[in-house]
Amino acid sequence: MLNRLDRPLELADHGPFSLAWAVSDVIVEEYLRISDELEQDLNELEEKVFDPSADFHIDEIYQLKREVLEMRHSIDALPAALSALLTRHGGLLGKEVRSYFRDVADNATIARDRVISLDERLSALIDAGAAKISLRQNQDMRRLSVLAGMVVLPTLIAGIYGMNFEDMPELHWALGYPFALGLMALSMILVWWVCRRRGWV
């Protein structure tokens with residue numbers, strides 16, 4: 001901040017407004033720096049979410065969303081306040097200080113717009129992340145359904161032949177046992193083939 005007052009234009013000679021400019025300039029530059037860091041974090045999260053092979057935690061997106069919202073709340077009113085200062089009290093600032101305040105106001109607007117853009121991108125990323133999680137869960141449920149289907153038919157066949165009725169010809173057939181095993185294996189293969197054709201596995 002002291003470096004900003006030590007300028008060839010000797011802004012310190014312009015009174016308290018020069019100090020106000022120095023403080024606001026430091027604050028706005030810090031906002032720009034933080035917004036750059038937040039954007040880098042967001043870019044990394046977007047790569048994770050949109051990479052089919054990458055794992056991510058939805059909590060990471062919510063954490064970054066909270067940080068961006070805090071940033072947005074703190075910077076939202078700053079451009080309007082600086083513009084009001086230039087509009088209502090521009091005559092008190094002096095030509096040199098007024099030009100520097102315009103630069104600060106422009107940078108504040110840039111920082112605010114950048115944070116708003118980050119907030120909107122994060123909202124879209126939350127939707128994309130939730131959709132990806134839902135898709136994964138659906139795929140897992142399909143795989144479990146396929147496994148359950150492959151087990152149900154052999155279990156049904158085993159249950160039928162386990163009833164030991166007297167009038168079941170297969171029980172007295174020499175090939176009855178391998179026939180039952182083959183039927184179980186065939187039913188499992190059939191379920192797997194049907195599910196594979198439908199893209200479930």
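In this predicted model, residues 144-163 are 90% helix and 0% strand, and the C-alpha atoms at the two ends of this stretch lie 28 Å apart. A second stretch, residues 175-195, is 95% helix and 0% strand, with its end C-alpha atoms 30 Å apart. Both stretches are covered by the annotation "transmembrane region" in the UniProt record, which is an unreviewed entry. Such annotations may be inferred rather than shown by experiment.

Helix α6 spans residues 176-197 and contains S187. The relative accessible area of S187 is 10%, and this residue is classed as buried because its value falls under 20%. When neighbours within four places in sequence are left aside, S187 is in contact with L153, P154 and I157.

Nonpolar residues form separate cores in the model. The largest nonpolar core comprises 19 residues. Within this core, the residues with the most contacts are L38, L42, I61, L64, V68, L122 and L125. Helices α2, α3 (58-75) and α5 are the elements that each contribute two or more residues to the core. The surroundings of L64 illustrate this arrangement: apart from residues up to four places away in sequence, L64 touches L38, D41, L42, L45 and L122. A second core, separate from the largest one, consists of ten residues, among them A22, L86, V104 and A108.

Charged side chains provide a further set of interactions, with ten salt bridges in the structure. One of these joins R33 and E37, whose side chains meet at a distance of 2.5 Å from N to O. Both residues belong to helix α2 (residues 16-50), and because R33 and E37 are four residues apart in this helix, about one helical turn separates them. Neither residue is classed as buried: R33 is partly exposed at 36% relative accessibility, and E37 is partly exposed at 40%. The pair also takes part in a wider arrangement, since E30, R33 and E37 are linked in a network of salt bridges.

Other salt bridges connect positions that are far from each other in the chain. R114 forms a salt bridge with D36, and the closest N and O atoms of this pair are 2.4 Å apart. R114 is located in helix α5 (residues 95-161) and D36 in helix α2, so the salt bridge ties together parts that are 78 residues apart in sequence. The relative accessible area of R114 is 25%, which places this residue in the partly exposed class. D36, at 34% relative accessibility, is likewise partly exposed.

A salt bridge is also formed between E39 and R121, with 3.7 Å between the closest N and O atoms. This distance satisfies the salt-bridge criterion because the nitrogen and the carboxyl oxygen need to be within 4 Å. As E39 lies in helix α2 and R121 in helix α5, the pair ties together parts that are 82 residues apart in sequence. E39 is partly exposed, with a relative accessible area of 27%, and R121 is partly exposed at 23%.

Helices α2 and α5 are thus joined by the salt bridge between R114 and D36 and by the salt bridge between E39 and R121. These two helices, together with α3, also give two or more residues each to the largest nonpolar core.

Definitions and conventions:
Residues are numbered from 1 along each chain as its sequence is written. This is a predicted model: local features need pLDDT of at least 70, side-chain atom pairs count only at pLDDT 80 or more; totals for chains, interfaces and linings use all residues. Side-chain values use heavy atoms; hydrogens and water are left out. Buried means under 20% relative accessible area, exposed over 50%, partly exposed in between (1.4 Å probe, protein chains only). Contact means heavy atoms within 4.5 Å. A nonpolar core is a set of buried Ala, Val, Leu, Ile, Met, Phe, Trp, Tyr and Cys residues joined through side-chain atoms within 4.5 Å.
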